[in-house]
Each structure stands twice: as structure tokens, then as C-alpha cells.
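The following exercises are to be worked through with the sequence and the model at hand. Each task is followed by a solution in steps.

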Amino acid sequence: MDVETLAKYSKLHAKPPGLSLQYGTAGFRTKAENLDHIMFRMGLLAVLRSKQKKATIGVMVTASHNPEEDNGVKLIDPLGEMLAPAWEEHATCLANAEEKELLPILNAICQKEAVDLQNDAFIVIGRDTRPSSKKLSQSVTDGVSVLGGQYQDYGLVTTPQLHYMVCCRNTHGGYGTATVEGYYQKLSKAFVELTKQATSQRDGHICLKIDCANGIGALKLKEMERYLLAGLAVRLENDGTKGKLNHNCGADFVKVHQKPPVGLEMKPNERCCSFDGDADRIVYYYTDATGQFHLLDGDKIATLISTFLKELLDKAGQTLTFAVIQTAYANGSSTSYLKETMKVPVHCAKTGVKHLHHKAQEFDIGVYFEANGHGTVLFSKAAEDKIRHQAKEEKDNLKREAAKMLENTIDLINQTVGDAISDMLVIEAILALKNLTIPQWDAMYTDLPNRQLKVKVADRRVINTTDAERRAVTPPGLQEKIDELTKQFRLARAFVRPSGTEDVVRVYAEADTQKNADKLAHQVSLAVHQLAGGVGE
Ligand code: 16G
Ligand code: ZN
């Protein structure tokens, strides 16, 4: 380690005194002006991680669906997955070190994690379209260079594209070619192959409107269009030419407000979807002939994809373990539908992609989605091999065709992380193949009315949960109170958890009617306020 250079550059990316930030559920996130030192230091940390793993590590500069003034950063581990929890702690520690502690902390990490500084390091960097992102990503490269790491800056990419690059590089091309062209080619080839047998009419008229949240998704979809040729007719709205990033639009806005984004004209029953600001989430929606808005969130997407995969597995005669992973936010109707109608095992994981991803890895095929629209499908190596083998060698025509479709689905899905572009193509392919309209898809089950609220408390850490966040163990008496309230409503369920991204406690309730869901959520909020040190109203 060249101590002098480190000290010199570290001063150029000085930490505002007293500022303390935490590597949260999705990395660091705060106002862009407070992030320069974090970026530099995450460049340093990425080099250590890369040297330890002897693998390419990714650094993505984005704050996803947050307002444009915010920014953030997260590290991507070798197979394209989220950073390991132990290193999240190192990240927080490094981020909050005062200038003179920086070197000792770097040394401590090296020692604890047995990092051999003689190893090479290679980092790939990407960024979203925020005005602050370019400069911040240059601070990352400064950090990488100071510790002698090599890097490739992919510039403007979606978050899932960078995850894909990391995986491609560390599998030496096994997962795909580590370029944006490689990504487009892989996905569009799989999409065109998969939809070959679709009978529905897609003759050039617009069949899908996409709200791009004025973010990176618009740029990347424009680049991708020529690869898909006539395979899919889309119209891009909120493409960043007029509006502000995530402002009154995007997947998070639509999910939270349960209404269409601005800047998108919807005709009755027209299929629409929204990406979030870094294109790792997607939700679908439409308005019916009476003007009523219908949201098809991550739960509906998981159900559609699971149905499709289950049918193909049955046709192919493959006996592979299959499960759907949800969080406590999954609508109760979706869980019952999956369990009782589709007879698939459903598991509940804690909020945050890494928890769902981890659980999904336990199965041959694991479909995971958060209700907010982040999700994907994981195929074990063994399952993938079996399917690819069958697609080639199977003598029975019907079985072979089903295996081929499964194979194309594997190639179409971004297995590293939830990916709005890839998920959209999977959904569009399934709708085309099954000849389903969006109201027909929506009719698979009816969501239970639900309500989410936030409560401000003095210290949200007083709330501790268990059972995948479905039950509160502290403060004393809170869970008993929630149970008592829930009992008063039909088909009711409620839980509370401290947010991992905001200084609030989140409350979720569902019940037989909207009025009851609202009432239950309100009463649970009052209980939180009383028992967990609520502040203000
Ligand atoms: C982050 C998570 C998302 C989760 C959300 C919960 C990743 C990449 N993103 O955005 O999965 O749903 O946080 O936020 O893990 P909350 O803790 O504030 O409710
Ligand atoms: Zn996102």
C-alpha cells in the first residue's frame, strides 16, 4: 500500500467531519453532496474485496428510486450477487473512519479477511443518469487506482446490467459476454426463440407502454430496440427528455400511490409498466373500461412466471424442486393462490434482495419477488444442466420443445438480480405464448385490500422482529396488541418492522375491505407510537 498517495488522495475526498453513514439494505444512500468520500472509500474497499476473492467486483453508483438529488453506491460480489454481510460492516466502518483512522482500518480489514495485497484487483463500475453520478463514479476510480486496482468503467448502465457484467467476467464468459451488446444479444436471442410459437397478433402496433421513470431504463431500451427487431412493439414514456428522475413516475411511485405515473396516457385495458430509476424493479398496470386502476405488482409477476415454469416442467416431465420466495409484504391472496391453487411451496424471507436471493438458492428453481417489483428466478447448476441436456437429447418431441422453452427462459432471465428489462421480456413472452391479456392475467387472483403506513419513533431499533419480520419480539406488549387488533377483522394480517432505508417504522395491514385495512393499519400505528416511543403526530 502506498501510504503517501493514499493520504494525499484521501484528503482530496475528505469526509465531512462528524458525518456518519451506514451501508444499508441497498448500500449507502443520502444526498449526493455528502457522498464523495464514500465513493472514494468504496473504491478502496472494492479493491480489497477483489484481491481477497481473486475476482472482479462491481461498484454501482445509483440511488434507485430515490429523488434525483440523492445518490448512493453498492458493491457487487463475484457472481453478481449482493455484497456479503461481513463486508457490509467493513464498508460502514471504512465510511465513518476519520482521516487518521483510514489506514489502520484498511489494515485491519486486510488482516481480518486475509487479503493478500500482492493479488491483482479488477473492478467494474457503472452509474445511473443522475447529474451527480459521473463525478461520484470518478471518485470511485480514484479509490481503485490508489490501491493499484485495474478497472473498467461501463459508464451509464442499469444496475442489473452491471451485475450481469460482474457475473460474465467471473465465469469467463460462461454467463454471457461482458459488454452491453453481449447483454442485448443474449436476451434478445432468448426472447425471439422463446416467442417463436406465440400466436397472438403483435404486428407492429404498440402493445406495451413503458414508464421509464426518466431514468437509465429509457436509454438502454432505446439501445436494445434494434436487437429485438419486430419482436416487441413498445412505446417509451418518461424517457428523461422532459421530466425529472423518479418524479411522479416510476415503479415505486406507482406501487406506493397505487395510481398511474404522470406523462402516460392510458387507454382502457392497455398494458403498461413502470421501471424504477435504475431499472431493477418493474410493475405492470392498466385501467379498465370504468376507469378503475389495476396494479399488477411483484406478487402477480411471481405468480405468472411460476405458473408458466410449472407448466413447462410438467410438460417436460422434469422433477425439480421448485419454490416461490416472498416477503411479509406479499399480498395474502397471492400466497394462498400459490399454495392452494398452484400447489407450490412458498417461503417468506426478510425484506431486501439478498435475503430472498439466498433462500431461492436452496431450490433447483427458486422464483423470488418482492411486492415492490424486484425479483428474478434462480436455476441451480444441476437444474440448468438437466434442462439444457434434455433440450438437445430428448427424443419425445413435446418434452423436447418444453425443455427448449425452459432453456430459453433461463437465458432470458437475469439470474444475478431483479432486472426490469429482463423481467419485462419474460412477462411479455409469457403473455404472448399464453395469449393472455392484462385483465386476464390480473384475474388469476384478487388482491386483498391493504395499507402501508410509516410511524416516526425516537429510535427504530427498539423494534426487533422474528419469523421473517412477521412478528415483533420487542418492545414488550406490541405483538400482543397487534394480535388483539388483527383478531377484530376478517382475513386480516398486520406486521411492523423498522425500515432499512429510512428513519421510520413501517406498518402493513391487510383485511377484507379497504376500510378495514385502513382501520387496522391506523390502529397498529397508534400501538407502535405508544409502545415504541413515537415522536410527533
Ligand atoms: C431496498 C432493497 C429492497 C427493499 C427495500 C426496503 C435491495 C437491492 N433493495 O430498496 O429490496 O424492498 O430496500 O426498504 O435490496 P425499507 O427497509 O425502507 O422498507
Ligand atoms: Zn432500483
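**Exercise 1. The zinc site**

Which spacing do the donors of the zinc ion (ligand 2) follow along the chain?

*Solution.* The spacing is S-x211-D-x1-D-x1-D. The model is a predicted one, in which local features need pLDDT of at least 70, side-chain atom pairs count only at pLDDT 80 or more, and totals for chains, interfaces and linings use all residues. Residues are numbered from 1 along each chain as its sequence is written, chains are lettered from A and ligands numbered from 1 in the order in which they are written, and side-chain values use heavy atoms, with hydrogens and water left out.

Step 1: identify the donors. Ser 64 (OG), Asp 276 (OD), Asp 278 (OD) and Asp 280 (OD) coordinate the zinc ion (ligand 2) at 2.0 to 2.1 Å. Donors are N, O and S atoms within 2.8 Å of the metal (3.2 Å for Na, K and Ca); water is not among the atoms, so sites may look incomplete.

Step 2: classify the geometry. The arrangement is irregular because the 4 donor atoms around the zinc ion (ligand 2) subtend angles of 86 to 170°. Four donors count as tetrahedral if all angles lie between 85 and 135 degrees; four count as square planar and six as octahedral if opposite donors are over 155 degrees apart and all others between 65 and 115; anything else is irregular.

Step 3: inspect the surroundings. Asp 278 and Asp 280 are both buried (under 20% relative accessible area; exposed is over 50%, partly exposed in between, with a 1.4 Å probe and protein chains only). Ala 279 is found in the loop between β8 (272–275) and β9 (282–287), helices (H or I, at least four residues) and strands (E, at least two) being DSSP runs numbered from the N terminus. Ala 279 has a relative accessible area of 0% and is therefore buried. Its phi is near 60°, a positive value in a residue other than glycine.

**Exercise 2. The surroundings of ligand 1**

Determine which residues are closest to ligand 1 and describe its polar pairs.

*Solution.* Step 1: list the neighbours. Ligand 1 is surrounded by 15 residues, of which Glu 370, Ser 499, Gly 500, Thr 501 and Arg 506 are the closest (a heavy atom within 4 Å).

Step 2: examine the polar pairs. A polar contact is a pair of N or O atoms within 3.5 Å; within protein, one must be able to donate a hydrogen and the other to accept it, and residues adjacent in sequence count only if both atoms are side-chain atoms. A side-chain N or O atom of Glu 370 is 2.4 Å from an oxygen atom of ligand 1. For Gly 500, a backbone N or O atom lies 2.6 Å from an oxygen atom of the ligand. Arg 281 has a polar side-chain atom 3.4 Å from an oxygen atom of ligand 1.

Step 3: assess the cover. On its own, ligand 1 has 450 Å² of accessible area, and the protein covers 92% of this (Shrake-Rupley method, 1.4 Å probe; for residues, only the protein chains shown count as cover).

**Exercise 3. Lys 15 and its contacts**

Is Lys 15 buried or exposed, and which side chain does its own side chain contact?

*Solution.* Step 1: locate the residue. Lys 15 is in the loop between α1 (3–12) and β1 (28–31).

Step 2: judge the exposure. Its relative accessibility is 7%, so Lys 15 counts as buried.

Step 3: find the partners. The side chain of Lys 15 makes a polar contact with the side chain of Glu 98 at 3.1 Å. A polar atom of the Lys 15 side chain also lies 2.6 Å from the backbone oxygen of Leu 19.

**Exercise 4. Backbone details in loops**

State which peptide bond ending at Pro 475 is cis, and describe the phi of Asn 238.

*Solution.* Step 1: the bond from Thr 474 to Pro 475 is cis, with omega near -5°. Pro 475 is found in the loop between β17 (471–474) and α17 (478–486).

Step 2: Asn 238 is not a glycine, yet its phi is positive, at about 45°. Asn 238 lies in the loop between β7 and α9. With a relative accessible area of 13%, Asn 238 is buried.
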